[in-house]
Amino acid sequence: MRFATFVHDGKRQPGVVAGDQVHPFEHHVELLDLVMEGEQSLRGTGERALTRSLPLPLADVRLLPPLRPPTVRDYMTFESHVAGIAQGYGDTVPDEWYEAPAFYFTNPYSVIGAHDDVPVPPGCARFDFELEVAAVIGKPGRDLTPEKAREHILGYTILNDWSARDLQGREMRVKLGPAKAKDTATTLGPWLVTADELEPHRNPEGFLDLALTVQVNGETVGEDQLANMAWTFEEMAAYASRGTWIRPGDVLGSGTCGNGGCLAELWGRGGTFEPPPLVPGDIVTMTVEGIGTISNTVVEGVAPVPLPSARRRQ
């Protein structure tokens with residue numbers, strides 16, 4: 001099944017997507033609340049909506065993020081992406097990358113919908129996209145094995161991890177990871193596709209073999225296969241649960257795919273800022289086989305509020 005959250009006539013509501021229509025749920029409820037009640041409750045509500053509610057054309061609604069995630073972990077599982085970024089710094093993939101699926105926590109409050117405008121982050125001159133797929137956790141667990149983790153993954157959606165590369169380069173020198181560089185927007189959408197729908201795409205190694213494409217202003221910039229990940233989503237979920245809990249609604253991003261999944265990889269490989277950084281008016285469109293398409297327009301942001309430099313104490 002495919003679950004969406006949307007606005008129609010000023011009313012926020014979830015529903016089930018079937019073809020080019022969405023069937024609203026009968027009662028006002030947040031999709032995350034149903035996810036927390038369990039997959040059976042979610043599916044039951046969806047099935048009732050399909051048979052009882054009056055469908056709306058998708059063209060008449062504004063798609064929101066499928067749910068409001070309590071946490072968003074973003075991984076870095078495509079070796080080609082890591083190698084391209086490292087090349088831009090005259091470096092190679094570090095040995096530590098191969099030891100475990102590294103991730104950072106990004107801002108759940110900045111999640112936006114499939115077709116929402118994206119403002120350039122304050123002070124950013126090198127704005128970038130990142131083409132990813134995200135798994136959504138459906139039930140709580142901790143210290144999971146990869147085999148056990150599969151039953152904890154409810155479904156998948158597309159994720160665009162918008163990135164201010166110039167801010168990121170400065171922040172990373174402090175060795176705390178990206179912060180404001182990743183803080184302005186993360187697209188999730190267009191809907192949540194339950195895991196069973198994508199199971200036919202699973203290859204013998206356990207990876208979902210889905211085609212990934214990103215375009216800027218209608219021109220294809222990057223293409224890859226999701227099966228080129230170095231770890232499966234089940235392995236990522238198991239690692240996330242090590243020594244702690246993963247809970248319903250938690251989002252696990254695959255990390256940026258290779259072969260042009262972001263501009264920074266192409267900059268690193270080519271040694272120039274080509275294609276150029278994103279500017280207001282650019283339209284970034286991402287399509288993932290079996291899931292759908294998201295398309296966001298970059299718009300003017302705001303100027304940064306001035307802050308003093310650090311008070312030196314030594």
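1. Let me start with aspartate 74, which sits in strand S6 (residues 72–75). Keep in mind as you read on that this is a predicted model. Aspartate 74 is buried but has no salt bridge; the nearest side chain of opposite charge is lysine 182, 5.5 Å away. A salt bridge here needs a Lys or Arg nitrogen within 4 Å of a carboxyl oxygen.

2. What does aspartate 74 touch, beyond residues up to four places away in sequence? The contacts are Ala102, Phe103, Tyr104, Glu132, Leu159, Asp161, Gly253, Ser254 and Gly255. Asp161 deserves a second look, as does the lysine 182 mentioned above: both belong to a network of salt bridges that also links Asp128, Glu130 and Arg165.

3. Now the overall picture. The chain has eight helices and 21 strands. Its radius of gyration is 19 Å, close to the 20 Å that the globule rule gives for 314 residues, so the chain is as compact as a globular protein of that length. Along the principal axes, the C-alpha atoms fill a box of roughly 65 × 45 × 45 Å.

4. On burial and contacts: 53% of the 314 residues count as buried. If you take the contacts with a separation of 6 or more, 74% of them are between residues 24 or more positions apart. The accessible surface comes to about 14800 Å², and carbon and sulfur atoms make up 52% of that.

5. On charge, I'd note 27 positive and 43 negative side chains. The centres of the two sets lie 9 Å apart. Side chains of opposite charge can pair when their charged atoms come close. How many salt bridges does a search of the whole structure find? The count is 21, and the next three points each take one pair.

6. Arginine 12 and glutamate 30 meet through their side chains in a salt bridge, at 3.1 Å from N to O. This pair links distant parts of the chain, 18 residues apart: arginine 12 is in strand S2 (residues 11–18), while glutamate 30 is in the loop between strand S3 (21–24) and helix H1 (31–37).

7. Arginine 43 forms a salt bridge with aspartate 196, and the closest N and O atoms are 2.5 Å apart. Arginine 43 lies in helix H2 (residues 39–52) and aspartate 196 in helix H6 (residues 195–198), so the pair ties together parts that are 153 residues apart in sequence. Is aspartate 196 buried or partly exposed? Its relative accessibility is 42%, so aspartate 196 counts as partly exposed.

8. Arginine 202 and glutamate 234 also meet in a salt bridge (3.4 Å, N to O). Arginine 202 is in the loop between H6 and strand S16 (211–216) and glutamate 234 is in helix H7 (residues 233–240), so this pair ties together parts that are 32 residues apart in sequence. As for burial, arginine 202 has a relative accessible area of 17% and counts as buried, and glutamate 234 is buried at 4%.

9. Last, valine 136, which lies in strand S11 (residues 131–137). With a relative accessible area of 2%, valine 136 is buried. Leaving aside neighbours within four places in sequence, valine 136 is in contact with Leu67, His152, Ile153, Leu154, Gly155, Leu192, Gly249, Asp250 and Val251. The C-alpha atoms of valine 136 and alanine 237 are separated by 9.7 Å, with the two residues 101 apart along the chain.

Notes:
Residues are numbered from 1 along each chain as its sequence is written. This is a predicted model: local features need pLDDT of at least 70, side-chain atom pairs count only at pLDDT 80 or more; totals for chains, interfaces and linings use all residues. Side-chain values use heavy atoms; hydrogens and water are left out. Helices (H or I, at least four residues) and strands (E, at least two) are DSSP runs, numbered from the N terminus. The radius of gyration is taken over C-alpha atoms; the globule rule is 2.2 Å times the number of residues to the power 0.38. Buried means under 20% relative accessible area, exposed over 50%, partly exposed in between (1.4 Å probe, protein chains only). Contact means heavy atoms within 4.5 Å. Accessible areas come from the Shrake-Rupley method with a 1.4 Å probe; for residues, only the protein chains shown count as cover. Lys and Arg count as positive and Asp and Glu as negative; His and the chain ends are not counted. The place of a charge is taken as NZ of Lys, CZ of Arg, CG of Asp or CD of Glu.
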